[in-house]
Amino acid sequence: MPQLIPYIDTRAAWSERDRAAHYREQADNFRRMAKMRIEDLGPGNFVKVECGGCKHETLIPASALLQGLRRQPTMRVLDLQPRLRCRECDARGEAVVSIRWGEPAA
Ligand SMILES: [Zn+2]
């Protein structure tokens, strides 16, 4: 019964496993993303941009990057980072880019 295990023990066991899994997942995500080009993004994928200044978040579909912002399809998603400007606080070069993979097709 989980509720019989002392709180401090479950927490320690959980965070030990979780920390390792979390770092592995982060490293995988980053490796995967570092290689991604705009043309690799599927229709359900978005580039998530978080402003390091005001924490404003935006999701940009690949089509908007190509048509609206006129980026080359071979451009790396990571290379967008220094070129984005925040719509909320106007900060440039503060963006943190990641990929929202969208829902897998059922
Ligand atoms: Zn901002």
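**A walk through a small sheet**

Visitor: Let's start with Lys55: in which loop is Lys55 found?
Guide: Keep in mind that this is a predicted model. Lys55 belongs to a hairpin, with five residues between its two strands. Those strands are S1 and S2, and Lys55 is found in the loop between S1 and S2.

Visitor: And is Lys55 buried or exposed?
Guide: Let's count neighbours for this loop residue. A residue is called exposed when 12 or fewer other C-beta atoms lie within 10 Å of its own. Lys55 has 11 C-beta neighbours inside 10 Å, so Lys55 counts as exposed.

Visitor: What is the phi of Lys55 near?
Guide: Lys55 is a residue other than glycine, yet its phi is positive. You'll find that positive phi in the hairpin of S1 and S2. The phi is near 70°.

Visitor: Which loop holds Asp90, which has a positive phi although it is not a glycine?
Guide: The phi of Asp90 is about 70°. Asp90 is also exposed, because it has 11 other C-beta atoms within 10 Å. Its place in the chain is the loop between H2 and S3.

Visitor: Let's zoom out: what pattern does the chain follow along the sequence?
Guide: There are two helices and three strands to place. Reading along the sequence, you meet them in the pattern α-β-β-α-β.

Visitor: What is the order of the strands in the open sheet?
Guide: Take the pairs one at a time. S1 pairs with S2, residues 57–61, over five bridges in the antiparallel sense. S1 is also joined to S3, again antiparallel, by six bridges. Put together, the three strands of this open sheet have the order S2-S1-S3.

Visitor: Which strands are the edge strands of this sheet?
Guide: The order to look at is S2-S1-S3. An edge strand here pairs on one side only, and neighbouring strands of the sheet are turned by 25° against each other on average, direction ignored. The edge strands are S2 and S3.

Visitor: Which residue in S3 stands opposite Val47?
Guide: Val47 has a partner on each of two strands. Toward S2, it stands opposite Ile60. Toward S3, the residue opposite Val47 is Ile99.

Visitor: And what stands opposite Glu50 in S2?
Guide: Try working along the pairs of this sheet. One S1–S3 pair is Phe46 opposite Arg100. For Glu50, look over to S2, where the residue opposite is Glu57.

Visitor: Which element gives the most to the largest nonpolar core?
Guide: That core has 13 residues, and Ile38, Val47, Val49, Ala95 and Val97 touch the most other members. The elements giving two or more residues are strand S1 (46–51), helix H2 (62–68) and strand S3 (95–100). With four residues, the one that gives the most is S1.

Visitor: Which residues is Val49 in contact with, leaving aside neighbours within four places in sequence?
Guide: Val49 is among the core members that touch the most others, along with Ala95 and Val97. Both of those turn up again in its contacts. The full set is Thr58, Ile60, Leu84, Ala95 and Val97.

Visitor: Is Cys51 buried or exposed?
Guide: Cys51 sits in strand S1. Buried calls for 20 or more other C-beta atoms within 10 Å. Cys51 has 20 of them, so Cys51 is buried.

Visitor: What distance separates the C-alpha atoms of Cys51 and Glu94?
Guide: Along the chain, these two are 43 residues apart. In space they are in contact, and the other contacts of Cys51 include Cys86 and Cys89. Their C-alpha atoms are separated by 5.7 Å.

Visitor: How far apart in space are Leu78 and Arg37, C-alpha to C-alpha?
Guide: Leu78 lies in the loop between H2 and S3 and touches Met33, Ala34 and Val97, not counting residues up to four places away in sequence. It is partly exposed, because it has 16 other C-beta atoms within 10 Å. Arg37 is 41 residues away in sequence, and in space the two are apart by 8.3 Å.

Visitor: Last one: what percentage of the chain's residues count as buried?
Guide: We've met Cys51, which is buried, and Lys55, which counts as exposed. The chain has 106 residues, and the share that count as buried is 12%.

Note on methods:
Residues are numbered from 1 along each chain as its sequence is written. This is a predicted model: local features need pLDDT of at least 70, side-chain atom pairs count only at pLDDT 80 or more; totals for chains, interfaces and linings use all residues. A nonpolar core is a set of buried Ala, Val, Leu, Ile, Met, Phe, Trp, Tyr and Cys residues joined through C-beta atoms within 7 Å. Two residues are in contact if their C-beta atoms, placed from the backbone, lie within 7 Å. Two strands pair if DSSP finds at least two bridges between them. Axes are lines fitted to C-alpha atoms, for helices over the stretch in contact, and angles run from 0 to 180 degrees between N-to-C directions.
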